[in-house]
There are 2 protein chains.
Amino acid sequence: MAIHIRGIANSKKMLLDDEGIDPGNWRDRFEKSNVDLDLTAFAAHISATYFPHSLIIDCSTSSELAGHYAGWLKNRIHVITPNKKAGTAEYSYYKELMDACLSTGSRFLYETTVGAGLPVIWTLKDLVQTGDHVHRIEGMLSGTLAWLFSTYDGSVPFSTLVRQAKEMGYTEPDPRDDLSGMDVGRKTVILARELGGKIEVADVPIQSLVPESLEGIGLDEFMERLEEIDPIIEQAYRTARSKGEFLRYVGTVDEEGNCEARLGSFGPDHPFSQATGTDNVILFVTDRYRTQPLVIKGPGAGREVTAGGVFSDILRLSSYLGARI
Amino acid sequence: MAIHIRGIANSKKMLLDDEGIDPGNWRDRFEKSNVDLDLTAFAAHISATYFPHSLIIDCSTSSELAGHYAGWLKNRIHVITPNKKAGTAEYSYYKELMDACLSTGSRFLYETTVGAGLPVIWTLKDLVQTGDHVHRIEGMLSGTLAWLFSTYDGSVPFSTLVRQAKEMGYTEPDPRDDLSGMDVGRKTVILARELGGKIEVADVPIQSLVPESLEGIGLDEFMERLEEIDPIIEQAYRTARSKGEFLRYVGTVDEEGNCEARLGSFGPDHPFSQATGTDNVILFVTDRYRTQPLVIKGPGAGREVTAGGVFSDILRLSSYLGARI
């Protein structure tokens, strides 16, 4: 199997090469490049007709780039991405992507949009395509929120843990991007659409852990006033513990593809309660896995596992295209 | 995607049809068939040249059938199976199968040989093929032994639970086939070979839970004298509990592909200790998943989940062959 890296781009500039870019020194060459990004030229260069297959890998979080997938797929350029923007775009666009794949044979692979390298999407696709009936998917889908709630035991204020998590690089630069629950909500939509749910992100009830008083203020002020979050969490924690349960932030999808993202409490035997650290945990309750769900657990974020997952998607695509691996 | 069922066979007879056998009434037709099984004729019929692709699915546990895979694969008949006999045959035969796949493009898919429908083999293949370094695989790989040890708490003799498990159909007809650990040992070999281990089943240290005194006697006598197993288990259980640990029967593979199958004890936070019922639990400790392993958990045996897994392999094969699904 021969892979030629024919182009690399960031949001500003690009490096194109007819011979293939050596992954050993791409950074040097890319830094020296002063060609402005031109996505049309980039896609045209990638899909040069003398190569049998073309692939664009989008490792950005850009909505604009995601807006180009449909055009690429229609032009028989495969797309692999950990970018959630296409999978959570308005349903009509998502449908357009799926239809483009069916009509052209192009592949849109996005395993890493949920749980990074964990085999979540493919497991779900396998269940659905082989006729299993999925009753419910539940997941601790945010490593940040997983760490916060598996660490919080009432002894140290929640706000202190948020500051720690930020320092350790566990949170987004603005921790509200994690605490808002939006990331979890988006992931539930990606999963729901695998079940055929015609759901939009805007339809998902998402419980934000950011008090209204802390929305719409600057990041510095937010970090200063972080203690305002503490009473809410402490109250929820005490209620959970009084029932012998544990607090976890969870995304759910029901059998009709309805989604929800919220704080919940779970008994000590529940896989969520047993999760530690930044582990993602995803449960599939189906006809086949009814009394005992199928559970996948492990780090669901991070550069290495995400890169590994993207690489898996490349190999999967290669197999689809006839590679013997 | 059009699937034509062109032949069905058991160990004695077969039913061949040029037009395709309707899955709705195959049983009636098969029962009426009185054509003796002729595997050469069967394979020739399956691979009639006017169909683009040929597949034989072996749902037996036959070593003899597994011995035909190499010939089928060389003749461009794909093979899908939950039968562990080929994956645990002498390494030279296993290698012959893999080489046949690489040279002809035929596919040998056997996801269901470990953990039934759970995504174990593909997850491992993905890790290995994308360059992760697997340090250790540990698994509760027998649903029967999982149930016995997660249920046993010293209050009821182990032998009583074995009798219960037999009545509920959780064990093989002869429970020694489970208690010998051989099934777990075989599964470790299948996993080790994915890591490149040139290991034979005979090389695996396998701890049998069957006392020597109960080996080589008839099934009825074994079931009568089952109590002789109790002191061994009780002793191991007490030792584990005195350390606050839980007893589990586990198969392990190390980074060099060395295997082992034995009773071990695990702390309360270990995923094995938290497993209940007949759940299989498989842990991958790798460079990417080092401090927190990748864990897959769920029922790893049973008709529905195994059939679902075989169906997944059929769809995977179809995708490799160009189906747009």
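A residue counts as buried here when its relative accessible area is under 20%. Keep that cut-off in mind while you explore these close-ups of a predicted model.

**View 1. Glu138(B), a buried residue in a strand.** With a relative accessibility of 13%, Glu138(B) falls under the 20% cut-off and is therefore buried. Look for Glu138(B) in strand 7 of chain B, which covers residues 134-140. Its side chain has a polar contact, at 2.7 Å, with the side chain of Arg136(B). Once residues up to four places away in sequence are set aside, Glu138(B) touches Val250(B), Gly251(B) and Thr252(B), as well as Phe266(B), His270(B), Phe272(B), Val281(B), Ile282(B) and Leu283(B).

**View 2. Thr188(A) and its surroundings in helix 10.** Here we move to chain A, where helix 10 spans residues 182-194 and includes Thr188(A). The relative accessibility of Thr188(A) is 1%, so this residue is buried. A polar atom of the Thr188(A) side chain sits 2.6 Å from the backbone oxygen of Gly185(A). Apart from neighbours within four places in sequence, the contacts of Thr188(A) include Leu141(A), Val204(A), Gly251(A), Thr252(A) and Val253(A). Cys259(A) and Glu260(A) are also among them.

**View 3. Cys259 in both chains.** Cys259(A), one of the residues in contact with Thr188(A), is buried at 7% relative accessibility. Cys259(B) is buried too, with a relative accessibility of 7%. A disulfide is a covalent bond between the sulfur atoms of two cysteines. How many disulfides does a search of the whole structure find? The search gives 0 over all chains.

**View 4. Helix 7 of chain A, largely enclosed.** Helix 7 of chain A runs over residues 143-151, and 7 of its 9 residues are buried, so the rest of the structure largely encloses this helix. To pick out the buried residues, start at Gly143(A), Thr144(A) and Leu145(A), then continue through Ala146(A), Trp147(A), Leu148(A) and Phe149(A).

**View 5. Two loop residues with positive phi in chain B.** Most residues other than glycine have a negative phi, and most peptide bonds are trans. Against that background, Arg76(B) is worth a look: its phi is positive, near 60 degrees. Arg76(B) belongs to the loop that links helix 4 (69-74) and strand 5 (77-80) of chain B. Ala116(B) is not a glycine either, and its phi is positive at about 50 degrees. You will find Ala116(B) in the loop between strand 6 (108-109) and helix 6 of chain B. Ala116(B) is buried, as its relative accessible area is 2%.

**View 6. The largest cavity and its lining.** Rolling a probe the size of a water molecule over the atoms shows where empty space is left. The structure has 3 cavities of 30 Å³ or more, and the largest cavity holds about 230 Å³ of space. Its lining comprises 21 residues, of which Gly117(A), Pro119(A), Arg316(A), Thr123(B) and Asp126(B) are the closest to the centre. At least two lining residues come from each of helix 6 (121-129) of chain A, helix 13 (303-320) of chain A and helix 6 (121-129) of chain B. Which helix gives the most to this lining? Helix 13 of chain A does, with 5 residues.

**View 7. How the two chains are related.** A turn of 180 degrees, with a shift of 0.0 Å along the axis, lays chain B on chain A with an RMSD of 0.0 Å. This is the relation of a two-fold axis. The copies meet through the same surface, because 100% of the interface residues of chain B are also interface residues in chain A.

Definitions and conventions
Residues numbered from 1 in each chain as written. Chains lettered and ligands numbered in written order. Predicted model: local features only at pLDDT ≥ 70, side-chain atom pairs only at ≥ 80, totals over all residues. Heavy atoms only, no water. Helix = DSSP H or I, 4+ residues; strand = E, 2+ residues; numbered from the N terminus. Buried < 20%, exposed > 50% of the residue type's maximum accessible area, 1.4 Å probe, protein only. Polar contact = N/O pair within 3.5 Å; in protein donor to acceptor, adjacent residues only side chain to side chain. Contact = heavy atoms within 4.5 Å. Disulfide = S-S within 2.5 Å. Least-squares fit on C-alpha atoms with pLDDT ≥ 70 in both. 1 Å grid on protein atoms, 1.4 Å probe; cavity = no way out; pocket = protein on both sides within 12 Å on 5 of 7 lines; lining within 4 Å. Points joined across faces, edges and corners; volume = space filled by probe spheres on them.
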